[in-house]
Each structure stands twice: as C-alpha cells, then as structure tokens.
Amino acid sequence: MLEGKNVNLRVFEKEDLPLLTDWYNDLEFFGEFVWLLQKSRMEREKWYDTLPSDAKLFFIEKKNSKKIGTIAHFLEGTLLEIGYFLVPSERGKGYCSEAAKMMVDYLFLSKDTVRVQAHTDVRNEASQKVLEKVGFARARIAKVGMRICWVCVFGGKVLSKCNKLLSILFFHLTFY
Ligand SMILES: CC(C)(COP(=O)(O)OP(=O)(O)OC[C@H]1O[C@@H](n2cnc3c(N)ncnc32)[C@H](O)[C@@H]1OP(=O)(O)O)[C@@H](O)C(=O)NCCC(=O)NCCS
C-alpha cells in the first residue's frame, strides 16, 4: 500500500470487482467527459483477467479505509499513462491531486521511466487542475476529438516553468 497524508493507494484485488462494476456502470462516477461503457460483472471479470501485466489499478482510500475512487497506470502504446476517478461525494477535497502525485512519484521511483502522461477532455477543468498541481505540462491537443495530452517528466516542477518550450519539445518527441 502507498501511504499519503490524507489518502492511501491500495492495489485492486479480484474480490473488489463487484464494487468496481457498480462504479464503472454509474454515469455519475465517470462524469460528463469520459465514455460510459456498461459491462456486466462477468464481462468485467474477463476484462480484469486479460489486463496486460503493465497495467495496474489502485483504489484511492481515505485513512479510515473507505474506498473513494480509483487510479490506474497502464501503457498507451509504449508510453506510461495514468487515469483516475473519484466518487462524486468526495470530489473537490484535494484527494485526487494527492493520489495522482503519489502515483507519479511511485512510477518514477519504481519504473525505468522519466515520463508519465495523461489525457483529459479540453472541457474537464477539474482533471486539468489535478494534473497542473502534480506538475504535468500540456503537451499537445489531439488531432481528433477534444483531448489534451499532458506530460510529467522526472523533476517536472522545474521544467513546468518553461511550459512553452516543453510543449514544443514533447510535440516533436511524440510525432517525429
Ligand atoms: C477529475 C477528478 C478526479 C478530480 O478529483 P478531485 O478530488 O475533485 O480533485 P481535487 O479536489 O484534487 O481538485 C483539484 C483542483 O480542481 C479544482 N476543481 C475541482 N472540481 C472542479 C470543477 N468541477 N471545475 C473546476 N475546477 C475544479 C479544485 O478546486 C482543485 O483546485 P485548487 O486546488 O486550485 O482549489 C474528479 O472530478 C472526477 O472524478 N471526475 C470524473 C471523472 C474524471 O473526469 N476523471 C478524469 C478523466 S481525465
């Protein structure tokens, strides 16, 4: 378990699937900017059993062990990416920013990578604020759809001061 000040990150186990199925079938949980994919418990089980080994899902838990959301890391192509969701009643309390910071620190410490990315809808202000607070910088807007790609590099706090230069650099690293 990864322990933070207000939240912990606990690795998801197969027996947690019923709760995850309920959350992931709930329109409110995903919010208005993320696709909603309805899946039965059996389909969710199959999904879990076929998750690639580089993908890992964690619960975001409060200090009293109450589960309030999920955060995951996975490979998008060859690039390490994170994604997160919080139950509506626990949003706006700083929990996701703390969880995302912990996840990024964990990835930099445990994986052979200096770069972590995330995608947000251009209208998703809450998620964009989370990423900014953690030290991500906008890299580019997707050619199709309304998605922004964000990148956090090891030691990103210093680098985020020169966002413009970074955006150009990452655009070239990603496309050329
Ligand atoms: C995105 C999400 C995970 C953010 O979680 P959270 O715990 O509410 O985030 P935090 O409390 O850490 O807030 C981060 C910042 O966003 C701000 N914020 C929160 N909700 C906001 C909103 N609806 N609009 C604008 N800003 C918002 C907070 O004020 C905070 O900024 P501050 O520290 O300057 O005050 C949560 O809103 C959520 O689960 N949304 C639905 C799923 C989703 O969109 N996931 C991300 C997919 S990319």
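The exercises below work through a predicted model of a protein bound to a ligand, each with a solution in steps.

**Exercise 1. The overall inventory**

Task: State how many helices and strands the protein has, and what share of its residues count as buried.

Solution: Begin with the secondary structure, where the protein has seven helices and eight strands. Then turn to burial, for which 26% of the 176 residues count as buried. Finally, look at the contacts with a separation of 6 or more, of which 54% are accounted for by residues 24 or more positions apart.

**Exercise 2. Strands 1 to 4**

Task: Trace the pairing from strand 1 to strand 2, from strand 2 to strand 3 and from strand 3 to strand 4, and give bridge partners.

Solution: Step one concerns strand 1 (residues 2-3) and strand 2 (residues 7-11), which pair in the antiparallel sense over two bridges and form a hairpin with three residues between them. Here Leu-2 has Leu-9 of strand 2 as its bridge partner.

Step two takes strand 2 onward to strand 3, with which it pairs in the antiparallel sense over five bridges. Within this pairing, Arg-10 stands opposite Phe-59 of strand 3, while the bridge partner of Asn-8 in strand 3 is Glu-61.

Step three moves to strand 3 and strand 4, whose antiparallel pairing runs over six bridges, and in which Phe-58 stands opposite Ile-71 of strand 4. These two strands form a hairpin with four residues between them.

**Exercise 3. An unusual backbone angle**

Task: Which residue in the turn between strand 3 and strand 4 has a positive phi, and is that residue buried or exposed?

Solution: First locate the residue: Ser-65 lies in the loop between strand 3 (56-62) and strand 4 (67-76). Next consider the angle, bearing in mind that most residues other than glycine have a negative phi. Ser-65 is not a glycine, yet its phi is positive, at about 75°. Lastly, count the neighbours: Ser-65 has 9 other C-beta atoms within 10 Å, and because a residue with 12 or fewer is exposed, Ser-65 is classed as exposed.

**Exercise 4. Two loop residues compared with the cut-offs**

Task: Classify Gln-38 and Glu-90 as buried, partly exposed or exposed, and find what lies across the sequence from each.

Solution: Take Gln-38 to begin with, which is found in the loop between helix 2 (27-30) and helix 3 (41-49). Gln-38 counts as exposed because its C-beta neighbours inside 10 Å number 10. Although Gln-38 and Asn-25 are 13 residues apart in sequence, their C-alpha atoms are 5.2 Å apart.

Glu-90, in the loop between strand 5 and helix 4, has 16 other C-beta atoms within 10 Å and is therefore partly exposed. Its C-alpha atom is 8.6 Å from that of Gly-69, which is 21 residues away in sequence. Leaving aside residues up to four places away in sequence, Glu-90 touches Ile-68, Gly-69 and Tyr-95.

**Exercise 5. The nonpolar core and helix 4**

Task: Which residues of the largest nonpolar core touch the most other members, and which element gives the largest share of this core?

Solution: As background, nonpolar side chains in soluble globular proteins tend to be buried together. In this model the largest nonpolar core has 33 residues, of which Ile-60, Ile-71, Ala-99, Ala-100 and Trp-150 touch the most other members. The elements that give two or more residues to this core include strand 2, strand 3, helix 4 and strand 8 (147-153), and the largest share, seven residues, comes from helix 4.

Ile-71 serves as an example of these contacts: not counting residues up to four places away in sequence, Ile-71 touches Leu-9, Phe-58, Ile-60, Ile-82, Tyr-84, Ala-99, Ala-100 and Met-103.

To check the geometry of helix 4, note that its 16 residues should span 22 Å at 1.5 Å a residue, and that its end C-alpha atoms are 22 Å apart, which agrees. The buried residues of helix 4 include Tyr-95, Cys-96, Glu-98 and Ala-99.

**Exercise 6. The shell around the ligand**

Task: How many residues surround the ligand, and how do they divide by class?

Solution: The ligand is surrounded by 21 residues, the closest being Gly-31, Arg-91, Cys-96, Ser-97 and Lys-129. The elements that give two or more residues to this shell are strand 5 (79-86), helix 4 (95-110) and helix 5 (125-134), with the largest share, five residues, coming from helix 5. By class, the shell has 10 nonpolar, seven polar and four charged residues.

Methods:
Residues numbered from 1 in each chain as written. Predicted model: local features only at pLDDT ≥ 70, side-chain atom pairs only at ≥ 80, totals over all residues. Buried ≥ 20, exposed ≤ 12 C-beta atoms within 10 Å, placed from the backbone. Near = placed C-beta within 6 Å. Nonpolar A, V, L, I, M, F, W, Y, C, P; charged D, E, K, R; others polar. Pairing = 2+ DSSP bridges. Contact = placed C-beta atoms within 7 Å. Core = buried A, V, L, I, M, F, W, Y, C linked by C-beta atoms within 7 Å. Expected span 1.5 Å × (residues − 1).
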